[in-house]
Amino acid sequence: TEAIGLYNLGQSCCLNSLLQVFLMNIRFTRILRRITVPSPVQRRNNVPYQMLLLLEKMQCGKCKAVGPTDLARCLSEHRVKLFVQHDAAQLFLTLWNLLKKQMKNQELVKELSDLYMICIQENLACQKCSFEIKSNSSMLTLPLPVLDANSSRLKSLEDCLQYFFHPEELTGQNMCFCQQCGKKTTFLQSMKLVHLPQTLTLHLKRFCFESSSHTHKLSHPLPFPQELDFRKVLTEDQCQADDSEKATWQYELFAVVAHSGSSSCGHYCAYIRSLTEGKWYCFNDSVVSQVSWDDVKCTYGRFNLYWTETAYLLFYMKKHPQ
């Protein structure tokens, strides 16, 4: 009963893929089932409620696929355009913001944040004196470059993570004003990992913006593991967490949202591991099929083949949640 497809309403493959990733996450649906929207008028335009109705429709129906028509209509009321191509990372953030905004129960909002939000500490340190600025920020996804500063291709997901947390020296035009020195100086900018959520979302920045009018897709191979231990990937200097927090930083791959095609014309599907069966499924709109890990690895990418299917969003789940 889990592997139910969603009909494509017209360029809705991106929305369908993200909905499957949300609704196949048991921890997310536990939160969703506890929402209450008393007014029938409010229910029609409430995204979490319409998502709950879709979940029930998928679980109670005997069809191989259902149509997310009511939810799509609800999203259009909140300025999410229909019948247009969406970027999965941007639409994921939009859906998240609507879910968080329209859940009136603050306890559920906190649980939703605990489930998905990442905490990072940003550091700016003057290289001339001891002046330092530290600030914590939350983010829904880790936006990982797939190229380094010299436009060289990073070779694995672990390389992307290490590069993301690698300190950067701000020199020349990028120098910052130091309050202690009283002038612009060279600063060292770095980020440290403070907290990781139950469901971790990694955004592989496959779309490269060369100019305001042109974007191209980076399709080179980028392997990602089934199991990911941040304690082995990042150094001590790249972490700002105690041992009990870091003990939970062991993850298993839960889902992959993959993009095929070019930057201007493409298609999304989702590969998701069932949390109850442990089997991998490919959700391609209304068609759902069981696949192997080798099939999922086909989304690593390939050299000089821009229409190939490449992983764009990776969802990892904690192996030993607190």
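**Close-up views of a two-domain interface**

**View 1. Domain 1 meets domain 2.** About 2400 Å² is buried between domain 1 and domain 2, and carbon and sulfur atoms give 65% of this area. Buried area is the accessible area (1.4 Å probe) that two parts lose on being put together, summed over both. Val-21, Met-24 and Arg-27 supply 22% of the area that domain 1 buries against domain 2, more than any other three residues. This is a predicted model: local features need pLDDT of at least 70, side-chain atom pairs count only at pLDDT 80 or more, and totals for chains, interfaces and linings use all residues. Residues are numbered from 1 along each chain as its sequence is written, and side-chain values use heavy atoms, without hydrogens and water.

**View 2. The two domains.** The domain assignment, automatic or from a database, gives domain 1 (1–117) and domain 2 (141–165 + 198–321). Their C-alpha centres lie 22 Å apart. The contact (heavy atoms within 4.5 Å) takes 30 residues from domain 1 and 30 residues from domain 2.

**View 3. A shared nonpolar core.** A nonpolar core is a set of buried (under 20% relative accessible area, 1.4 Å probe, protein chains only) Ala, Val, Leu, Ile, Met, Phe, Trp, Tyr and Cys residues joined through side-chain atoms within 4.5 Å. The largest has 57 residues; Phe-28, Met-51, Tyr-116, Val-257 and Leu-313 touch the most other members. Both domains give residues to this core, so it lies between them. Another core, of 42 residues, lies apart from it and includes Leu-196 and Tyr-251.

**View 4. Around Val-257.** Not counting residues up to four places away in sequence, Val-257 touches twelve residues, among them Leu-18, Val-21, Ala-88 and Leu-313.

Conventions:
Buried < 20%, exposed > 50% of the residue type's maximum accessible area, 1.4 Å probe, protein only.
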